[in-house]
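Work through these exercises with the model in view. Try each task before you read its solution.

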Amino acid sequence: MNQNRRDLLKGTIIGSGALIAGAAHAKPEPKGKPKPETYDVVVVGAGFAGMCAALEAAEKGAKTVLLEKMGRPDGTTVYSSGWIAAVGSRFQKNHPEDSKEAFFNDMMKLSGYHSDPELVKVYADEAGDGIDWLADHGTPFFLWENLPAPELSRCVISPGEGISGGSKLLRCLMAALDKAGVKIHYNTKAVHLIKNDKWEVEGVECLTPEGPKHYRAKGGVILTTGGYGANEAMVAQYIGAWAAKLIVRGSPWITGENLLLASEVHAKLVNMDQFYAGPITPTGHANPSPLMHAGYGIQVGTNGKRFVPETWLQVPKAKAIAERTPDNRSFMLIGQDADANDNILSNTIERFGRLGYKVPKGDTIEEVAKAAGVDPVALAETVKEFNAAVKAGKAKELDPPYEYETPHALETGPYYMVPAAGGMASTMGGPKIDKDARVVNFEMKPIPGLYAAGAAAGGLWYQDDIGGNQLGGGMVFGRVAARHAAARAKASKAAK
Ligand SMILES: Cc1cc2nc3c(=O)[nH]c(=O)nc-3n(C[C@H](O)[C@H](O)[C@H](O)COP(=O)(O)OP(=O)(O)OC[C@H]3O[C@@H](n4cnc5c(N)ncnc54)[C@H](O)[C@@H]3O)c2cc1C
């Protein structure tokens with residue numbers, strides 16, 4: 001039986017065994033009166049941000065619960081590679097060339113200076129400590145050395161050992177939560193924020209298999225439900241109809257509950273048209289990116305024509321596939337000679353095969369076009385024009401320009417057409433948070449008792465990011481929110 005990437009990733013969390021045993025999928029209709037349970041801190045969404053928040057809150061002495069709508073942690077973290085960007089962690093001691101200031105400056109620059117500098121500063125100041133904290137709680141890390149600027153060896157990663165890096169992070173955190181006595185309530189979907197007459201958030205109403213349940217929070221509710229990338233209507237509304245064609249690269253359950261819940265108390269939503277994209281195969285959910293940037297071949301739509309400069313990086317290219325082709329479908333046409341680049345072609349074909357995708361192949365351009373369902377006459381014409389331009393040293397004059405310094409004519413079969421659709425990785429917008437991870441309202445005032453972190457929160461990211469700083473944002477602001485909410489719970493008890 002073929003296993004696709006989604007199945008493999010799911011297996012990872014199911015494989016965490018006893019920690020999530022008993023988490024059933026079937027969810028009967030709730031009935032009866034809501035049952036109340038009271039905590040200091042209620043965290044909604046068991047992804048990386050939620051688990052960091054719940055662990056930190058418990059360690060600050062708060063009675064904490066973590067609520068998850070699915071039968072297991074099933075958000076985007078499970079699908080992620082697990083890179084986390086930081087500066088100043090114990091793993092980065094040999095990199096005195098880097099600094100919090102440099103990190104801050106790079107992140108602001110990559111965002112086009114749209115990120116909230118106050119949030120970026122908190123990130124730069126706290127991420128290193130967050131990595132050390134995770135390591136102290138049993139997450140093994142190594143530093144990815146010699147990344148080019150502006151990354152500067154800023155990513156740590158936990159070796160997945162057969163599972164995704166993100167799943168590995170969750171497994172380690174689940175073990176730590178278990179030790180700290182924090183329970184995860186599965187099949188518990190937050191549907192409504194409970195607020196008092198002053199519109200202070202006091203808890204959350206959930207649907208559970210046993211019926212509706214009220215979770216009261218003395219210190220606060222922390223939303224870590226992820227973004228809205230898998231909610232087609234929201235993507236069309238906030239980003240554009242073309243973007244709704246993007247294939248979801250992560251979890252199909254990340255459906256914008258951060259927006260639905262926070263909007264109940266008039267949270268300000270920011271950066272709503274911003275998201276991170278990447279290429280993906282339409283079936284099998286494999287990542288064709290390495291091959292797309294190997295310096296060989298041309299990228300064409302199903303009409304057999306080029307539509308994007310092959311040199312574009314993965315984010316703009318993934319967006320262009322969805323924007324410029326009618327069906328969000330394209331192919332990299334590659335000849336056998338692409339293997340001169342570290343066997344990139346054979347490796348891709350082998351990797352795709354493992355994920356259940358057979359790459360269309362042909363001894364001639366017409367043959368491979370027919371195998372891929374691409375217009376063979378148009379493709380042959382495109383290749384003829386491309387080869388002539390390469391030989392004349394005029395590839396950069398093609399429309400769109402072909403900008404590799406050493407272009408290779410497509411003359412060595414067999415040829416392959418590796419599929420690449422545009423994929424949605426994660427949205428960057430959401431309820432705006434302040435430096436304490438408190439969600440703010442339209443007047444930029446914190447809404448008492450409501451916090452957000454990770455992909456559920458807005459303000460930290462815009463346009464582009466330092467690789468690894470989405471998970472990093474969840475870690476940093478999950479912990480910040482937890483500390484604030486735990487202190488608020490303590491203060492409310494002292495006041496009584
Ligand atoms: C292929 C891929 C690779 C990536 N690699 C990286 C990387 O290496 N480094 C990096 O920094 N970023 C990476 N990212 C982005 C990163 O994975 C996400 O930004 C991050 O995982 C979001 O984490 P989170 O905890 O905020 O949300 P999630 O992990 O999405 O978790 C949210 C959880 O909330 C639950 N939930 C939702 N609604 C409710 C509700 N109403 N009630 C209760 N529970 C609810 C969901 O079921 C889910 O379990 C990658 C993304 C993709 C798609």
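Two strands count as paired if DSSP finds at least two bridges between them. Keep in mind that this model is predicted.

**Exercise 1. The surroundings of strand S2**

Task: Take strand S2, residues 64-67, and decide whether its faces are covered or open. Then find its pairing with S6 and with S1.

Solution:
- Step 1. Look at one side of S2: Thr-64 and Leu-66 are buried there. Val-65 and Leu-67, on the other side, are buried too. Both faces are therefore covered, since buried means under 20% relative accessible area.
- Step 2. Turn to strand S6, residues 183-185. S2 and S6 run parallel and are joined by 3 bridges, which passes the cut-off of at least two. Within this pair, Leu-66 has Ile-184 of S6 as its bridge partner.
- Step 3. Turn to strand S1, residues 35-44. Its pairing with S2 is parallel as well, over 4 bridges. Here Val-41 is bridged to Thr-64 of S2.
- Step 4. Add helix H2, residues 48-59. Together, S1, H2 and S2 build a β-α-β unit, and the unit is right-handed.

**Exercise 2. The partners of strand S9**

Task: Decide how enclosed strand S9 is. Then work out the sense in which it pairs with S1, S8 and S19.

Solution:
- Step 1. Count the buried residues: 11 of the 13 in S9, residues 211-223. The strand is therefore largely enclosed by the rest of the structure.
- Step 2. Start with S1. It pairs with S9 in the parallel sense, over 9 bridges. Tyr-215 of S9 lies opposite Glu-37.
- Step 3. Go on to S8, residues 201-208. This pairing is antiparallel, with 6 bridges. S8 and S9 form a hairpin, and 2 residues lie between them. Thr-208 faces Gly-211 of S9.
- Step 4. Finish with S19. It runs parallel to S9, joined by 3 bridges. Val-221 is set opposite Leu-450 of S19.

**Exercise 3. A small sheet**

Task: Give the strand order of the open sheet that has 3 strands, and name its edges.

Solution:
- Step 1. Read the order: S3-S5-S4, with antiparallel pairing.
- Step 2. Pick the edges. They are S3 (84-85) and S4 (142-144), each pairing on one side only.
- Step 3. Check one pair. S4 meets S5, residues 155-157, over 3 bridges in the antiparallel sense. Phe-142 has Ile-157 of S5 as its bridge partner.

**Exercise 4. Two helix crossings**

Task: At what angle do H3 and H4 pack, and how do H2 and H13 cross?

Solution:
- Step 1. Take helix H3 (residues 100-110) and helix H4 (residues 117-136). Their axes lie 9 Å apart, and the angle is about 140°. H3 is therefore oblique to H4, as roughly antiparallel would need over 145 degrees.
- Step 2. Name the contact residues. H3 contributes Lys-100, Phe-103, Phe-104, Met-107 and Met-108. From H4 come residues including Pro-117, Val-120 and Tyr-123. The crossing is right-handed.
- Step 3. Take H2 and helix H13, residues 469-495. Their axes come within 7 Å and cross at roughly 35°. This crossing, too, is right-handed.
- Step 4. Look between them. Residues of H2, among them Phe-48, Ala-49 and Cys-52, meet residues of H13 that include Gly-474, Gly-478 and Ala-482.

**Exercise 5. Single residues**

Task: Is Ala-135 buried or exposed, and which backbone features mark Asp-342, Met-444, Pro-400 and Pro-414?

Solution:
- Step 1. Place Ala-135: it is in helix H4. Its relative accessibility is 16%, so it counts as buried. Beyond its neighbours within four places in sequence, it contacts Arg-90, Phe-91 and Phe-141.
- Step 2. Asp-342 has a positive phi of about 50°, though it is not a glycine. It sits in the loop between S14 (330-334) and H10 (344-354). At 67% relative accessibility, it is exposed.
- Step 3. Met-444 has a positive phi too, near 65°. Its loop runs between S18 (438-440) and S19 (446-452). Its 45% relative accessibility makes it partly exposed.
- Step 4. The bond joining Asp-399 and Pro-400 is a cis peptide, with omega about -5°. Pro-400 lies in the loop between H12 (376-391) and S16 (415-427).
- Step 5. The bond from Gly-413 to Pro-414 is also cis, with omega near 0°. Pro-414 belongs to the loop between H12 and S16.

Terms used. Residues are numbered from 1 along each chain as its sequence is written. This is a predicted model: local features need pLDDT of at least 70, side-chain atom pairs count only at pLDDT 80 or more; totals for chains, interfaces and linings use all residues. Side-chain values use heavy atoms; hydrogens and water are left out. Buried means under 20% relative accessible area, exposed over 50%, partly exposed in between (1.4 Å probe, protein chains only). A crossover is right-handed if, with the strands pointing away from the viewer, the path from the first strand over the helix to the second runs clockwise. Axes are lines fitted to C-alpha atoms, for helices over the stretch in contact, and angles run from 0 to 180 degrees between N-to-C directions. Angles under 35 degrees count as roughly parallel, over 145 as roughly antiparallel, 65 to 115 as roughly perpendicular and the rest as oblique. A crossing is left-handed if the near helix is turned anticlockwise from the far one by less than a right angle, and right-handed if clockwise. Contact means heavy atoms within 4.5 Å.
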